Every structure is written in C-alpha cells, then in structure tokens.
Amino acid sequence: MSGCEGYEAIARVYDKLNAEIDYEKWADFFEACFERFLNKRPELVLDLACGTGRMTRTLAKRGYDMIGVDGSDSMLSEAYMQGGENILYLLQDMREFELYGTVGAVVCCLDSVNYLLSEDDVKTTFKNVHNYLDPDGVFLFDMNTPYKFENIYGDMSYILEDEGEEGAVFCGWQNDYDRESGICDFYLSLFEENGDGSYDRSDEHQREKCYTLDTVKKLLCESGFELLGIYSDYSFSECTQDTERWYIAARAKK
C-alpha cells in the first residue's frame, strides 16, 4: 500500500483487523469484469498495492498467474509467509513499479489510490499502469468517496478489535480530516496481547486524500484510459450521493 508511512507495525495483524472483507466476492466481481470487458480471460494479472496478498492469493487459486507489487516490506513479508503458487511478489512503489512485460489486467484494492496524496502521483501511477497493460487490458480499482471522507472518516474515532487464539488485538483509530486540502490523517495505536496478559503498544500514522469523481475521470483520460464504469458495489449498482466506495473499471487504449 504505497503512499503511506504506516503498515510497519500493523502488517502482522492487518488481516485480523480486516476480517470482514469478503475477498471471494470481490474476486467474483473482478472475474465478472473480465467477462464483461475483455475478449478473453487474462492469463497474467497484477495486484497493485497488494499488501498481505489476500487478493493475490485468492486470484491465484482461481488459476491466474499473479504479480503482487507493494511498497511495504512488512506487508510483503506477511504475503510471503502465506505462500501461494504462481505468484511473484515485488517490493516497489506503486508510482514507479517495473515489470518484465505487460499483463492482461491490473487490480488495486482497498482504496490504495487514495494513499497517493497529489494528482501528479495519481496520474503517474495511472500512466505506469497503462504502460504495463496489454492493449485493451483492464484496470480495476476502488476509491473512497468524498461522502466517506466527510461523513464516515471526518474527525471520528474508532476501535477495531480481534479476540483471536493467539491473543487479543486492539487498534484505536483517530481521524483528522482537513476539508480544504482533502487530506485525512489517521492516527493508529495498536495494542497486542502477550502470553502473560500484558500488552505491547505501537503507533502509526497514515494519510489518504479525497478526490472528486471529475478529477479521477480526467486523470484516467489523460493517462490513456477509456472509462468503462463506476459502481457502488460488486453487483454493478449505480453510484448515489451516499456511496462510500467507488469501484472503477477502465480500459487501456493503445
């Protein structure tokens, strides 16, 4: 998940704290997009900002040759430990990644594009994705919407927790959203239970930027993409004013 300071401490418990994410349904959506927008099933797929590799492994199990790129060595270490066949992991910044050739599709999950804090960085990333896509290859990614930044993030505080067999994990999450800059700072305090009942604390700071849909469309167009669709869920539903996450599909025109 390039473009953030964090994920050093939280990497080892990231999947526990995000256990509610249904990667199988998300992968179903990706495959539905492949069927809808591609002439044939892609053989090689890039999972950009792959994190701990949950989606990378999910798609690999469905028969795709996978490349996982992420800028956090801690997250990739977790991905490596989980194993998985037909996967190549690369430690690279999502703005500057380099591959050995082109791929049929690029997927990018969990608002990773929002971690890019300037339009220049987003455009650089989009152009790089375009460069490594086959002609007419698809780019599938999601972004947090302005509604989510204003109404869900804002200046709110949250507690994430997991009561696992290896000990409890708690994460205190404080948001600080600057509406003028569109930047939301996340201050995370992680508490991990030890075998003797004591807790270790670690702190992280992450940032995301809010982009308008018009800006995203403009940057995709300037990067050589044709916009195929913007959806509010895995069922291709239309977006509304209170949509919290955009699921975006674009085609590389070459």
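Which helix is N128 found in? That would be helix α5, residues 119-131. The legends below take this residue first and then move on to salt bridges; keep in mind that the model is predicted.

**View 1. N128 and its neighbours in contact.** Here we zoom in on N128, sitting in helix α5. Its relative accessibility comes out at 13%, so N128 counts as buried, the cut-off being under 20%. Leaving aside residues up to four places away in sequence, N128 touches M94, R95, E96 and F97.

**View 2. The salt bridge between R245 and D111.** The structure holds 16 salt bridges, and R245 with D111 is one pair to look at, with 3.0 Å between the closest N and O atoms. This pair links distant parts of the chain, 134 residues apart: R245 belongs to strand β11 (residues 245-252), while D111 is in the loop between β4 (103-108) and α5. How much relative accessible area does R245 have? It's 15%, so R245 is buried. D111 is buried too, as its relative accessible area is 7%.

**View 3. R179 meets E150.** In this close-up the two side chains form a salt bridge, at 2.9 Å from N to O. R179 lies in the loop between β7 (167-178) and β8 (183-193), and E150 lies in helix α6 (residues 146-153), so the salt bridge ties together parts that are 29 residues apart in sequence. Is R179 buried or partly exposed? Partly exposed, because its relative accessibility is 44%. E150 has a relative accessible area of 35%, so this residue is partly exposed as well.

**View 4. R207 paired with D185.** Another salt bridge joins R207 and D185, and their closest N and O atoms are 2.7 Å apart. Both partners sit in strands: R207 in β9 (residues 199-209) and D185 in β8. They are 22 residues apart, and the pair links distant parts of the chain. The two ends of this salt bridge fall into separate burial classes. R207 is partly exposed, given a relative accessible area of 30%, whereas D185 is buried because its value is 9%.

**View 5. A salt-bridge network.** Which residues take part in the network? They are E24, D28, E31, R41 and R62, linked by salt bridges.

Terms used. Residues numbered from 1 in each chain as written. Predicted model: local features only at pLDDT ≥ 70, side-chain atom pairs only at ≥ 80, totals over all residues. Heavy atoms only, no water. Helix = DSSP H or I, 4+ residues; strand = E, 2+ residues; numbered from the N terminus. Buried < 20%, exposed > 50% of the residue type's maximum accessible area, 1.4 Å probe, protein only. Contact = heavy atoms within 4.5 Å. Salt bridge = Lys/Arg side-chain N within 4 Å of Asp/Glu carboxyl O.
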